Amino acid sequence: MNSLQEIWESVLALLGAELTPTAMNTWFSECSVVELSGNQLVIHTPSEFKRDIIVQRYAETISRALSDLFSAEMSLLVLAGEEIEEYREKRTVDDPFGIVVGDYTFDNFVVGPTNRIAHAAALAVSKNPGWVYNPLLIYGNSGLGKTHLLLAIGQYIHENFPEKKIIYIKGDDFTNDMVHSIQTHTQSEFREKYRTADLLLMDDIQFIAGKQQTQEEWFHTFNALYESHKAIVLTSDRPPMEMKTLEDRIRSRLEGGMLADVQPPDLETRMAITRNKAQLLGMVLPGDVVEFIAENITSNIRQLEGVVKRLTAYREILGEEITVESVRRAIKDVIRVGAYVPTADIIITETARYFGLEEEHLRGQSRAKEVATPRQVAMYLCRNLTNISLEDIGAQFGNRNHSTVLSSIRKIEKLVKTDSNTANIIRDITSNINSKS
């Protein structure tokens, strides 16, 4: 679990097991997660009335869910209406690494043949930030430990160099932050925030590719930090040479640093990871159980963690002894995730988010190019990532007919083969969709 949204979705899932759908929709549909600071989750709701109800009725349940997730005492702060602005103004840099890293430390990172170089480079950067392997880019598919290493670096430096200012940001959030600064005429504060960091940690830098103004701002931020011997550590789902819409000057700077890839772990490493995850949750798994999990979950560490957490629930809630048979039940849905089939709603949500549109735009009747092309992309993804018929796809997009849907899909199919920018767009949105698995 390595993002605020994933943490919040996990909390909502636990709440959903106790509350009715009506209660969930009434009190939490408008809630958004603000941040994790120290051992406190901060959320926001537009209504003071809803804030009071959440605090009175559900704060204890949410805090307990968070404590279960992080194996530590956690608390909840609920902001209402304009309180969020006051909260942000009062936030200081007293805690420069103001995110919960949980178990994402070097001690809890299982090293194997497929991640040894990345681990060694990350540890070297932590001990001598800004002077070795600068910048460091760790790349690989989702769920292989990139963010774990990124947060481990931040945690190590925070503990051993407490005076250093640390910034952790995701690639798309950097863009959002920059856009907000333009809208509020606070570009100076934006630049001050990033260009005075001692350590910049950026997850998923591939999301700045193709965004001209974002790349311009990031380029100057990079230069300011690099020339001052400040540490820059990044993650990506691919090496720079495969980011076709990334500016050459940025690509060359990334390639001038240390590139370290992480690959799916081998069997022995998967077994070690499974044991480690179980120990962190207070379990010692039998050898045959560990082997069975490692043999069946082969490409994603998050899936290994998910299976172990399910086993914890079986043990604590059902009082079951952990056997291979109980693992079969815990693992069956995760194996299905290996061939993850997203819903049309998820595809439309992620496509709209990528293009900066509302979902209603894609589902509506507008023929403006800035809407029509993203809609065609969403139709193409529905066809390629799901088992939905053309008629059902059309129903998702304003009841468009079979021929219209087919024409849209064929147009994008052709562009994917002939236009690298379209191919990269499809790849990025698909990556976002798959991260929801």
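Before we start, one cut-off: a residue is called buried under 20% relative accessible area, exposed over 50%, and partly exposed in between. With that in hand, aspartate 52, at 33% relative accessibility, counts as partly exposed.

Hi everyone, and thanks for coming. Please keep in mind that this is a predicted model. I'd like to walk you through its charged pairs, then its cysteines, then a cavity.

Let's stay with aspartate 52. Which residue does aspartate 52 form a salt bridge with? The partner is arginine 51, and the closest N and O atoms are 2.7 Å apart. Arginine 51 has a relative accessible area of 14%, so this residue is buried, whereas aspartate 52 is partly exposed. There is a third member to mention here too: Arg51, Asp52 and Glu83 are linked in a network of salt bridges.

How many salt bridges does the structure hold? The count is 18. Another of them joins glutamate 30 to lysine 50, with 2.8 Å between the closest N and O atoms. This pair links distant parts of the chain, 20 residues apart: glutamate 30 sits in the loop between helix H2 (21-28) and strand E1 (32-37), while lysine 50 belongs to helix H3 (residues 48-70). Is lysine 50 buried or exposed? Lysine 50 is buried, at a relative accessible area of 15%. Glutamate 30, on the other side of the pair, is partly exposed at 44%.

One more pair before we move on. Arginine 249 and glutamate 247 meet through their side chains in a salt bridge, at 2.7 Å from N to O. Arginine 249 counts as partly exposed, with 29% relative accessibility.

Now for the cysteines. How many disulfides does a search of the whole structure find? The search comes back with 0. Cysteine 31 counts as buried at 10% relative accessibility, and cysteine 382 counts as buried at 0%.

Last stop, the cavities. The count comes to 2 cavities of 30 Å³ or more, and I'd like to show you the second largest. That cavity holds about 30 Å³ of space. What lines the second largest cavity? Going round the lining, we meet Gln206, Ala209, Arg238, Met243, Lys244, Thr245, Asn424 and Asp428. By type, the lining of this second largest cavity divides into 2 nonpolar, 3 polar and 3 charged residues.

That's my tour, and I'm happy to go back to any of these residues on the screen.

Technical notes. Residues numbered from 1 in each chain as written. Predicted model: local features only at pLDDT ≥ 70, side-chain atom pairs only at ≥ 80, totals over all residues. Heavy atoms only, no water. 1 Å grid on protein atoms, 1.4 Å probe; cavity = no way out; pocket = protein on both sides within 12 Å on 5 of 7 lines; lining within 4 Å. Points joined across faces, edges and corners; volume = space filled by probe spheres on them. Nonpolar A, V, L, I, M, F, W, Y, C, P; charged D, E, K, R; others polar. Salt bridge = Lys/Arg side-chain N within 4 Å of Asp/Glu carboxyl O. Helix = DSSP H or I, 4+ residues; strand = E, 2+ residues; numbered from the N terminus. Buried < 20%, exposed > 50% of the residue type's maximum accessible area, 1.4 Å probe, protein only. Disulfide = S-S within 2.5 Å.
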